[in-house]
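Hi, here's the model I said I'd pass on. Could you open it next to this message before reading on?

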Amino acid sequence: MDGQYKLRSMGVMPVIRRRTKIFLIVILIGLFISPVWAIDPGPYRLSAHGDASIGVKRTERTDGYARGNCAHCHEQHGVIGGVSNGGPYAFALFSTNFSGASSAPYSASNDVCFLCHGPSSVQEGGIINYDYSETYGGYTGGPSTILDAFNLVNTSSVASYHNLKDIYNFAQNNFSFFTASSNPCVACHNPHLVKRIKTNQTDPASYTVVSLPSAHNTLWGDDSGEKMSDFTNYYQAPYYYNSSTSYEPGGSSTYNGSNLPDYATFCTACHNATNTIYSSNLGRNLRQIDWFSGGGDSASGTPLPDKHGKNSATVSVHLKNPFASSQLGITLGFVTSCTDCHEPHGSANPFLIRREVNGTIVSISGTDSNQIGYLCRACHKDDAAFGLSGGENRWEYIHHIADDHPYIEKQCGSCHGSGGGGGGKPPISCLNCHKHGSDDSWAGYKATGRICF
Ligand code: HEC
Ligand code: HEC
Ligand code: HEC
Ligand code: HEC
Ligand code: HEC
Ligand code: HEC
Ligand code: HEC
Ligand code: HEC
């Protein structure tokens with residue numbers, strides 16, 4: 001937590017607690033003319049935004065403010081060069097903090113962050129931010145700005161994204177730092193602290209950009225106790241794209257997550273076993289997630305504890321490398337990170353599923369049938385990996401033949417429905433059984449009770 005947020009010590013916080021915009025504006029004027037933060041570099045100066053050589057600098061702001069100055073985001077009088085900026089806007093920002101837009105595609109003016117972190121940036125020279133699969137997974141060809149990542153719905157009918165209005169609603173109901181005028185990006189990021197993570201791909205923990213909602217004024221990931229290797233000793237990093245010797249993040253030789261922020265704790269600050277979260281994209285409340293409990297297949301409760309979390313796989317599991325011959329020296333008991341499978345902002349795949357996982361390209365065109373299997377086969381052995389005919393993304397072996405198979409091949413129709421010939425059976429929708437917090441009770445009297453995720 002090196003990046004302690006010092007605005008509090010500048011005497012600003014008591015004023016903000018009253019959330020009075022006018023006072024805030026007055027205080028901001030004070031800060032601009034005050035030499036305090038110019039002399040004491042502090043955490044803001046160490047942030048990507050406050051950096052004197054790569055920090056904020058709006059092209060239109062030609063009135064002498066140095067790169068990194070607060071004035072590139074905050075305009076104290078709602079006036080720039082003697083002309084009104086159209087405001088005043090909340091927090092004396094140079095534009096609307098968040099417009100309240102209810103769904104993607106978003107336009108740059110919907111969110112002040114997009115005005116810089118979008119394809120037509122008001123930041124001098126513009127800003128490139130690739131997605132997780134590219135920056136930390138090494139697979140090129142995805143979106144190149146944050147706005148583009150949220151707007152993949154323009155290119156894929158099954159695309160998904162973190163809906164900003166839903167985040168806004170959830171954060172306002174749950175986090176005290178989050179005001180009615182706040183920005184949904186700020187639920188996950190503190191713009192006064194974020195580090196330049198993208199140029200430090202092999203050490204995103206030291207240059208982290210996220211803050212836990214319960215500790216908004218410090219960064220999460222940079223201190224001891226805040227890495228994936230602290231969440232568990234059993235984290236095996238997936239392969240970097242096109243390599244069988246280097247790992248995520250960034251293609252380094254580190255394989256135990258000691259260079260990765262503990263994104264399991266970060267994401268479960270919201271997605272845990274107790275919060276009810278509504279998704280307007282999906283039109284329902286989200287499934288809850290227990291990434292922490294154990295108990296194998298005898299665990300109970302709602303949601304059931306996931307085996308990709310701290311709950312352990314049982315008897316045997318049929319994994320590809322690097323899991324199959326993990327340097328951790330284990331064959332069961334692995335724990336994965338949410339970001340091994342998910343993007344944080346948006347994806348052309350459903351459910352924020354990454355377009356590359358463990359070095360394998362993952363292209364999912366729907367949520368029915370065996371489509372989700374294209375994700376599983378990045379880490380698990382499909383029939384092709386066992387050398388069976390029928391090939392890629394077929395799953396007969398592990399369900400019917402492997403040592404630990406759950407089902408015998410009898411009365412095919414009760415699970416597969418009708419259709420198929422010559423031993424071929426139409427695939428059953430994986431999501432009937434494989435989803436967060438679920439067992440195989442979909443199979444009715446043939447269910448094994450095994451936990452399927
Ligand atoms: C990259 C743009 C950016 C820069 C640079 C920036 N801020 Fe902010 N600031 C914001 C945003 C956005 C908010 C609104 C936070 C929210 O939505 O709740 C904010 C909010 C604030 C607040 C209200 C309290 C809070 O943290 O929410 C204060 C005080 C503040 N800024 C002061 C400063 C000072 C002083 C500097 C320079 C040292 C600075 N800001 C630089 C974007 C910026
Ligand atoms: C649900 C939490 C969440 C929300 C909401 C969110 N982010 Fe992020 N963001 C993350 C995480 C986690 C990372 C670190 C992983 C990464 O870099 O891709 C990240 C990384 C970033 C990065 C660095 C990307 C890089 O180059 O590696 C930027 C820039 C960013 N976010 C901007 C935004 C903006 C702008 C918004 C709002 C429009 C936003 N984020 C909303 C979680 C979030
Ligand atoms: C005035 C332009 C501007 C605004 C507005 C702005 N940013 Fe930035 N942001 C930058 C610049 C410049 C950088 C550093 C650029 C670089 O590293 O290439 C940066 C970097 C970042 C990073 C570090 C990631 C990285 O390595 O690129 C994060 C995270 C981030 N911004 C999030 C946000 C969020 C969230 C908001 C809105 C609350 C926001 N930014 C608003 C200009 C802006
Ligand atoms: C092994 C890959 C994998 C990992 C690791 C993973 N997920 Fe998922 N996630 C999925 C798949 C597949 C789906 C679609 C099935 C479902 O909805 O549960 C999904 C769906 C979701 C959903 C939408 C649930 C819904 O109601 O449809 C959320 C929220 C989510 N994941 C959050 C997380 C969080 C938080 C973590 C880390 C604690 C995480 N995921 C780790 C693969 C993964
Ligand atoms: C600040 C709270 C918060 C945090 C932190 C957070 N989420 Fe979410 N997430 C939400 C909300 C609210 C929704 C519902 C809106 C939606 O579906 O887009 C959601 C939806 C999702 C969905 C379903 C998206 C869809 O439409 O299918 C996935 C998957 C997901 N989150 C994964 C993650 C992962 C992975 C992380 C960590 C990198 C994370 N979330 C961190 C609040 C959060
Ligand atoms: C990032 C790699 C990765 C991906 C992608 C992945 N898994 Fe896993 N999965 C694992 C690991 C590692 C384990 C072992 C966990 C343990 O040892 O406790 C596991 C265990 C399991 C188990 C427990 C098996 C048992 O014997 O108890 C099931 C079931 C499972 N995965 C299903 C899936 C499905 C279905 C998908 C696709 C939707 C999927 N996994 C995608 C890495 C992955
Ligand atoms: C208790 C449920 C159940 C019964 C009964 C069952 N299966 Fe399956 N079978 C599965 C599951 C689950 C899978 C993995 C999902 C999938 O691929 O359909 C599977 C996969 C398959 C696959 C691979 C399908 C593909 O293209 O991916 C074949 C072939 C198959 N089963 C044949 C049979 C035959 C033949 C019978 C009857 C003699 C049968 N199964 C009975 C559950 C069952
Ligand atoms: C009727 C429920 C059901 C359906 C539908 C189903 N599975 Fe499974 N699957 C299971 C059960 C039960 C297990 C065994 C879990 C265990 O061993 O504890 C399993 C295991 C797995 C595993 C982990 C196996 C290992 O040992 O590594 C993967 C991967 C998997 N299934 C993928 C799929 C895919 C892909 C689909 C869709 C094409 C699918 N399954 C459909 C019930 C189902």
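**What turned up**

To start with ligand 5, one of its nitrogen atoms sits 2.8 Å from an N or O atom in the side chain of His 162, which is within the 3.5 Å allowed for a polar contact between N or O atoms. Before the rest, some bookkeeping: the model is predicted, with local features needing pLDDT of at least 70 and side-chain atom pairs pLDDT 80 or more, while totals for chains, interfaces and linings use all residues. Residues count from 1 along each chain as written, chains are lettered from A and ligands numbered from 1 in written order, and side-chain values use heavy atoms, leaving out hydrogens and water.

**Ligand 5**

The shell here has 22 residues, and those that come nearest are His 162, Cys 267, Cys 270, His 271 and Ser 279 (a heavy atom within 4 Å puts a residue in the shell). By class, 15 of the shell residues are nonpolar, 6 are polar and 1 is charged. At least two shell residues come from each of α8 (164-174), α10 (263-267) and β4 (278-279); helices and strands are DSSP runs of at least four and at least two residues.

On the oxygen side, the side chain of Ser 279 brings an N or O atom to 2.7 Å from an oxygen atom of ligand 5. Asn 281 also has a polar side-chain atom 3.1 Å from an oxygen atom of this ligand.

What coordinates the iron atom of ligand 5? NE2 of His 162 and NE2 of His 271 do, at 2.0 to 2.1 Å. These two histidines tie together distant parts of the chain, 109 residues apart: His 162 is in the loop between β3 (160-161) and α8, and His 271 is in the loop between α10 and β4. The iron atom has 6 donor atoms (N, O or S within 2.8 Å, or 3.2 Å for Na, K and Ca), with angles of 85 to 179 degrees, and the site is octahedral (opposite donors over 155 degrees apart, all others between 65 and 115). His 162 has 26% relative accessibility, so it counts as partly exposed (buried is under 20%, exposed over 50%, with a 1.4 Å probe and protein chains only). His 271 is partly exposed too, at 26%.

**Ligand 1**

His 74 and His 192 coordinate the iron atom of ligand 1 through NE2, at 2.0 Å. They are 118 residues apart in the chain, with His 74 in the loop between α4 (42-46) and β1 (79-80) and His 192 in the loop between α8 and α9 (228-231). The site is octahedral, with 6 donor atoms and angles of 87 to 179 degrees. His 74 is buried at 13% relative accessible area, whereas His 192 is partly exposed at 23%.

**Ligand 6**

Around ligand 6 there are 24 residues, with His 308, Gly 333, Cys 376, Cys 379 and His 380 the closest. The classes come out as 14 nonpolar, 8 polar and 2 charged. Lys 307 places a polar side-chain atom 2.8 Å from an oxygen atom of this ligand. Backbone N or O atoms also reach ligand 6 oxygens, at 2.8 Å from Ala 313 and 2.9 Å from Thr 314.

**Rings**

I count 17 aromatic pairs (ring centres within 6.5 Å; planes under 30 degrees apart are stacked, over 60 edge-to-face, the rest tilted). Tyr 106 and Phe 114 make a tilted pair, because their centres are 6.0 Å apart and their planes at 35 degrees; both residues are buried. There's also a cluster, in which ring pairs link Phe 98, Tyr 168, Phe 170, Phe 175, Phe 177 and Phe 178.

Cheers

How values were computed. A polar contact is a pair of N or O atoms within 3.5 Å; within protein, one must be able to donate a hydrogen and the other to accept it, and residues adjacent in sequence count only if both atoms are side-chain atoms. Ala, Val, Leu, Ile, Met, Phe, Trp, Tyr, Cys and Pro count as nonpolar, Asp, Glu, Lys and Arg as charged, and the others, Gly among them, as polar. Four donors count as tetrahedral if all angles lie between 85 and 135 degrees; four count as square planar and six as octahedral if opposite donors are over 155 degrees apart and all others between 65 and 115; anything else is irregular.
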